[in-house]
Amino acid sequence: MVDFKDSVSKSVSETVNGSHKFTIKGYSLAKGMGPGKCIMSDVFTVGGYDWAIYFYPDGKNHEDNALYVSVFIALASEGADVRALFELTLMDQSGKGKHKVHSHFDRALESGPYTLKYRGSMW
């Protein structure tokens with residue numbers, strides 16, 4: 001006779017919250033650098049992964065005609081496949097004016113977190 005035992009398993013998805021404040025002093029001097037030229041934050045760690053922020057004062061692409069700024073969050077870890085929700089906010093020099101650039105927290109649940117699959121993946 002075969003003796004069967006009950007078994008149990010569990011899957012737990014860990015959620016980690018973090019933030020990074022990237023200050024650009026002398027922004028007016030950075031404006032006019034030209035499209036495609038960026039200012040990069042220091043690399044910072046959230047959830048065991050390294051990240052960086054890229055700020056393009058005159059836009060990332062020449063099509064932006066220096067009318068827009070572009071801001072990206074990028075995965076800086078090697079060999080990672082990370083699902084993340086994030087929010088990018090610009091703050092004026094007074095510290096009072098906050099302007100939400102993009103938030104993945106507003107996405108419908110069925111679309112889920114954004115996936116960054118390799119070092120240098122940006123959103």
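A pocket here is an open set of grid points with protein on both sides within 12 Å along at least five of seven lines, and its lining residues have an atom within 4 Å of a point. The views below come from a predicted model.

**View 1. The whole fold holds one helix and eight strands.**
Along the sequence, the pattern reads α-β-β-β-β-β-β-β-β. The protein has 123 residues, and 28% of them are buried. Take the contacts between residues at least 6 apart in sequence: 45% of these join residues at least 24 apart. The protein exposes about 9,400 Å². Carbon and sulfur atoms supply 50% of that area.

**View 2. The largest pocket has a volume of about 1,700 Å³.**
Its lining counts 41 residues. Nearest the centre of the pocket lie H20, I53, E87, L88 and T89. By type, the lining splits into 22 nonpolar, 12 polar and seven charged residues.

**View 3. Strands contribute to the lining of the largest pocket.**
Six stretches each supply at least two lining residues:
- strand 2 (44–46) and strand 3 (49–56)
- strand 4 (70–75) and strand 5 (82–84)
- strand 6 (87–91) and strand 7 (98–103)

Strand 6 gives the most, with five residues.

**View 4. D58 and K31 form a salt bridge.**
A search of the whole structure finds one such bridge. The side chains of D58 and K31 meet at 3.4 Å, N to O. The pair links distant parts of the chain, 27 residues apart. D58 sits in the loop between strand 3 and strand 4. K31 sits in the loop between helix 1 (27–30) and strand 1 (39–40). Side chains of opposite charge can pair when their charged atoms come close. The pair counts as a salt bridge because the cut-off is 4 Å from a Lys or Arg side-chain nitrogen to an Asp or Glu carboxyl oxygen.

**View 5. The two partners of the salt bridge differ in cover: D58 is buried, whereas K31 is partly exposed.**
D58 has a relative accessible area of 3%. This value is under 20%, so D58 counts as buried. K31 has a relative accessible area of 32%. That figure falls between 20% and 50%, so K31 counts as partly exposed.

**View 6. L85 lies in the loop between strand 5 and strand 6.**
L85 is partly exposed, with a relative accessible area of 42%. T115 is 30 residues from L85 along the chain. Their C-alpha atoms are separated by 8.9 Å.

Conventions: Residues are numbered from 1 along each chain as its sequence is written. This is a predicted model: local features need pLDDT of at least 70, side-chain atom pairs count only at pLDDT 80 or more; totals for chains, interfaces and linings use all residues. Side-chain values use heavy atoms; hydrogens and water are left out. On a 1 Å grid over the protein atoms alone, a cavity is a set of points where a 1.4 Å probe fits but cannot get out, and a pocket is an open set with protein on both sides within 12 Å along at least five of seven lines; lining residues have an atom within 4 Å of a point. Grid points are joined across faces, edges and corners, and a volume is the space filled by probe spheres set on the points. Helices (H or I, at least four residues) and strands (E, at least two) are DSSP runs, numbered from the N terminus. Ala, Val, Leu, Ile, Met, Phe, Trp, Tyr, Cys and Pro count as nonpolar, Asp, Glu, Lys and Arg as charged, and the others, Gly among them, as polar. Buried means under 20% relative accessible area, exposed over 50%, partly exposed in between (1.4 Å probe, protein chains only). Contact means heavy atoms within 4.5 Å. Accessible areas come from the Shrake-Rupley method with a 1.4 Å probe; for residues, only the protein chains shown count as cover.
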